[in-house]
Amino acid sequence: MRFFDESMQSQFEEKMLIENGLRDALRHDQLELYYQPKVAADNGCITSLEVLMRWKHPVLGTVPPNKFIRVAEEVGIIYEIDRWGLFKACERAKEIERELNNPIAVSVNISAKHFHQEHILDILKQALAESKLDPSRLKIEITESVFNKDLKGIISVMDQIQQLGVSVSIDDFGIGYSSLNQLLHLPINEVKLDRQFITNIHHDSKKASVVKMIVDLAKTLQLNVVAEGIETKEESQILNELGCHELQGYYYCKPLPEQEIINFLKGKQV
Ligand code: C2E
Ligand code: MG
Ligand code: MG
Ligand code: MG
């Protein structure tokens, strides 16, 4: 039998701090959305924006999602956080469209946890209705961990999301639970290759072979293929050569707050 030791105590306290802090974050408007472009691999034109959450903590400063999403999932507050993010993202996408005088598509990250509940469908419908965002301009990104249980239920939820006209993307593809075989059966529109496959790909022929195989299969299945985490020109060139449709990473643009991304996009229009 294990006893509740000191390290468990401090882990518990940290979790409580984040959990309580996150409740405040929601109440006091401390969460903020950042935006990172995806570009067409062949000509570098911006195709859409991925929405990435930040927590503007009064003491800790800007807290990245890696520091709070997992805890939020463990304590269950993720449902409220993602709901807030989805509503806000749809609303802001409409506003960015207005600012640019051009339609823009957004991808929103949603915790895999939501896919075990049909409730996500009501949230999506509400967010679309309130924002009046065209559903074809919205994509949901979920990580592969969604496939670790109840595959049937998840497929049904994904199916219904697509029926709303919203696209589904598998994020961080290749490192988690999904096998290539699953790609055949999943109602998805896009795969995003994890950054691990991208980093230094120009110096690693094995990596390049694996990526080529995934890209070719995904294309056979008529899926959109995105490579994330592109940091160099060499990486961007090889991923274009391997057939990826879209690229994303610091090489093009890091995630930016709303006004900065609007300025960035306006700069690209002229
Ligand atoms: P992700 O969706 O796979 O997003 C990519 C992460 O890589 C982002 O980190 C982004 O800032 C970072 N990134 C982009 N380009 C580069 C690059 O060239 N090099 C490197 N080293 N990193 C790059 P971020 O913003 O810290 O987000 C981390 C993860 O948190 C996301 O991974 C996503 O899974 C999750 N996340 C973000 N926002 C939300 C949200 O609103 N809800 C939920 N449930 N999860 C979110
Ligand atoms: Mg993502
Ligand atoms: Mg990713
Ligand atoms: Mg990731």
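**View 1. Strand β2 gives the largest share of the shell around ligand 1 in this predicted model.** Four residues of the shell come from β2. This strand runs over residues 46-57. It is one of three elements, with α3 and β6, that each supply at least two shell residues. Strand β6 spans 167-173.

**View 2. The shell around ligand 1 mixes nonpolar, polar and charged residues.** Nine are nonpolar, six are polar and nine are charged. The shell holds 24 residues. Those that come nearest to the ligand are Arg-54, Asp-82, Asp-171, Glu-231 and Tyr-250.

**View 3. Ligand 1 has contacts with Ser-111, Asp-172 and Glu-228.** At Ser-111, a backbone N or O atom lies 3.2 Å from a nitrogen atom of the ligand. At Asp-172, an N or O atom of the side chain is 3.0 Å from a ligand oxygen atom. At Glu-228, a polar side-chain atom lies 3.3 Å from an oxygen atom of ligand 1. On its own, ligand 1 has 790 Å² of accessible area, and the protein covers 86% of that.

**View 4. The largest pocket is the site of ligand 1.** Ligand 1 sits in this pocket, with shell residues from β2, α3 and β6 around it.

**View 5. Helix α3 covers residues 78-100.** The helix has 23 residues. From first C-alpha to last, α3 reaches 31 Å, close to the 33 Å expected at 1.5 Å a residue. Asn-101 follows just after α3. Its phi is positive, at about 60°. Helix α3 also supplies at least two residues of the shell around ligand 1.

How values were computed:
Residues are numbered from 1 along each chain as its sequence is written. Chains are lettered from A and ligands numbered from 1 in the order in which they are written. This is a predicted model: local features need pLDDT of at least 70, side-chain atom pairs count only at pLDDT 80 or more; totals for chains, interfaces and linings use all residues. Side-chain values use heavy atoms; hydrogens and water are left out. The expected span of a helix is 1.5 Å times one less than its number of residues. A residue is near a molecule or strand if one of its heavy atoms lies within 4 Å of it. A polar contact is a pair of N or O atoms within 3.5 Å; within protein, one must be able to donate a hydrogen and the other to accept it, and residues adjacent in sequence count only if both atoms are side-chain atoms. Accessible areas come from the Shrake-Rupley method with a 1.4 Å probe; for residues, only the protein chains shown count as cover. On a 1 Å grid over the protein atoms alone, a cavity is a set of points where a 1.4 Å probe fits but cannot get out, and a pocket is an open set with protein on both sides within 12 Å along at least five of seven lines; lining residues have an atom within 4 Å of a point. A molecule sits in a cavity or pocket if more than half of its atoms lie within 2 Å of its grid points. Ala, Val, Leu, Ile, Met, Phe, Trp, Tyr, Cys and Pro count as nonpolar, Asp, Glu, Lys and Arg as charged, and the others, Gly among them, as polar.
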